[in-house]
Amino acid sequence: MATLRHSEIAGTGHYVPSRVVKNAELETLLDTSDAWIQERTGIQERRWFEEGIDTTTNMGTKAAQMALADAGLTADDVQLIVFATLSPDYVFPGSGVLLQRELGMKDHVPALDVRNQCSGFIYALSVADQFIKTGMYDNVLVVGSEIHSSGLDKTPRGRGVAVIFGDGAGAVLLRPSTRAGHGILSTHLHAQGEFAEELIVKEPGSNREGRVTVAVENQADMYPYMNGQNVFKNAVVRFPQVIKEALDANQLQAADIDLLIPHQANLRITQYVQGKMGLADDKVFSNIQRYGNTTAASIPLALSEAVQQGKIKRGDLLCLAAFGSGFTWASALIRW
Ligand code: UT7
């Protein structure tokens, strides 16, 4: 059987809103403290969007434009958009078609939206990778963008969730690789629906008569609910598991990883995973301190910053891993 071609990341980009919200600002709203937030999550500040300036789509567009420029391409070279978000501009249509419009693409290229929350970017990357492997498309834009701040309960009742999430976007341009043994080596995806309600925004759900009225009556369920401790317990098991699965599939060891970019969920989760995998401090990338948890945007945002900071060089083994709502979890191993 002929070997399938494989894909590589040819460009990276990111964008964050200019409004910086430090923990001290949350102290005034949420009956919380800078000390609690830093000790439990590592977060020092996050970005919140500004209405009329930032949208999930236009942040994704800015990240995509940076990724395209980095790859030396223009929007007209793109043949497929894969857009991961849990916070689309509209209930429908998804943000993929809006991104296509904002990028001013002339051809009617397809736009696919992925809804896998914190694992959304790796799911989206995997989908893009499969399209490239089969030869259906060459240049695929993979975007993760989120606005959480408009949907958080910014009262003491919401403090367990509101302190964690932030807004931002990241993007990569994926294309066929001409270098043997380089690019995306594998992706691994998992889900466990029995825990669907452990991290959820329930309303406006479609499964009851008069969903809009029901949603308004159940306003609390329009905010994210998280069973933090259970999410944490599962995350620290699934992250190492899915990283090991990727390493085993490629006959590699944890010691071969040059840089791990985990989904930025909680610095304590990242540190636990780092310890479990036996990785040195300079082999794990974290920027949650500055952005909080930006779900589907967190990995491409971290990747783009890591590239900008010169932390990834040609030939490095890069591991991406994520865990979150669904539950879903995933990994990708990339030879840069
Ligand atoms: O993106 C992927 C999905 N998300 C995650 O991976 C997040 C996973 N979970 C977590 O990161 C942690 O569970 C949290 C950071 C959300 C919470 O940390 P925790 O150590 O699990 O705290 P807890 O929920 O057990 O709460 C401990 C205490 C409680 O007070 P009592 O009952 O001990 O008096 C909470 O009411 O901390 C209290 N608390 C807060 N206090 C100040 C909860 N939130 C806050 C807050 N500020 N923001």
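## A walk through the model, starting at glutamine 100

Select glutamine 100 to begin: its relative accessible area is 18%, under the 20% cut-off, so this residue counts as buried. Keep in mind as you click around that this is a predicted model. Glutamine 100 sits in helix α4, which covers residues 95–102. Now show what touches its atoms. Leaving aside residues up to four places away in sequence, you should find glutamine 100 in contact with Ile81, Met105, Asp107, His108 and Val109.

**Next stop: α4 and its partner**

Add helix α3, residues 56–71, to your selection. The axes of α3 and α4 come within 9 Å and cross at roughly 55°. That angle makes α3 oblique to α4, and the crossing is right-handed. To see who does the touching, colour Thr56, Thr57, Asn58, Gly60 and Thr61 on α3, then Ser95, Leu98, Leu99 and Glu102 on α4. Sorted by class, this contact of α3 with α4 has two nonpolar, six polar and one charged residues.

**Now jump to α8 and α9**

Here's another helix pair to set beside that one. Select residues 228–249 for α8 and 267–277 for α9. How far apart are the axes of α8 and α9? They lie 10 Å apart, and the helices pack at an angle of about 45°. α8 and α9 are therefore oblique to each other, and α8 passes α9 in a right-handed crossing.

Show the side chains next. From α8 come Phe232, Ala235, Val236, Phe239, Pro240, Ile243 and Leu247, and they meet Arg268, Ile269, Tyr272, Val273, Lys276 and Met277 of α9. The residues in this contact of α8 with α9 divide into 11 nonpolar, no polar and two charged.

**A group of rings**

Pick Phe195, Phe323, Phe327 and Trp329: ring pairs link them into a cluster. The model's count comes to four aromatic pairs. One to zoom in on is phenylalanine 323 with tryptophan 329, a tilted pair with 6.1 Å centre to centre and 35° between the planes. Are these two buried or exposed? Both phenylalanine 323 and tryptophan 329 are buried.

**A tyrosine in a short strand**

Click on tyrosine 225, in strand β10 (residues 225–226). Its relative accessibility is 44%, so tyrosine 225 counts as partly exposed. Now find leucine 199, which is 26 residues away along the chain. The C-alpha atoms of tyrosine 225 and leucine 199 are separated by just 5.6 Å. Tyrosine 225 also touches more than leucine 199: its contacts, not counting residues up to four places away in sequence, are Glu197, Glu198, Leu199 and Ile200.

**Backbone oddities to finish**

Most residues other than glycine have a negative phi, and most peptide bonds are trans. Here are some places to look for something else.

- Select phenylalanine 92 and proline 93: a cis peptide bond joins them, with omega about 0°. Proline 93 is in the loop between β4 (80–84) and α4.
- Glutamate 203 and proline 204 are joined by a cis peptide bond too, with omega about 0°. Look for proline 204 in the loop between β9 (199–200) and α7 (211–217).
- Glutamine 117 has a positive phi, near 50°. It belongs to the loop between β5 (111–114) and α5 (120–134), and its relative accessible area of 14% makes glutamine 117 buried.
- Glutamine 251 also has a positive phi near 50°. Find this residue in the loop between α8 and β11 (259–262); with 69% relative accessibility, glutamine 251 counts as exposed.

Notes:
Residues numbered from 1 in each chain as written. Predicted model: local features only at pLDDT ≥ 70, side-chain atom pairs only at ≥ 80, totals over all residues. Heavy atoms only, no water. Axes fitted to C-alpha atoms, helices over the stretch in contact; angles between N-to-C directions. Helix = DSSP H or I, 4+ residues; strand = E, 2+ residues; numbered from the N terminus. Parallel < 35°, antiparallel > 145°, perpendicular 65-115°, else oblique. Left-handed = near helix turned anticlockwise from the far one by under 90°. Contact = heavy atoms within 4.5 Å. Nonpolar A, V, L, I, M, F, W, Y, C, P; charged D, E, K, R; others polar. Phe/Tyr/Trp six-rings, centres within 6.5 Å; stacked < 30°, edge-to-face > 60°. Buried < 20%, exposed > 50% of the residue type's maximum accessible area, 1.4 Å probe, protein only.
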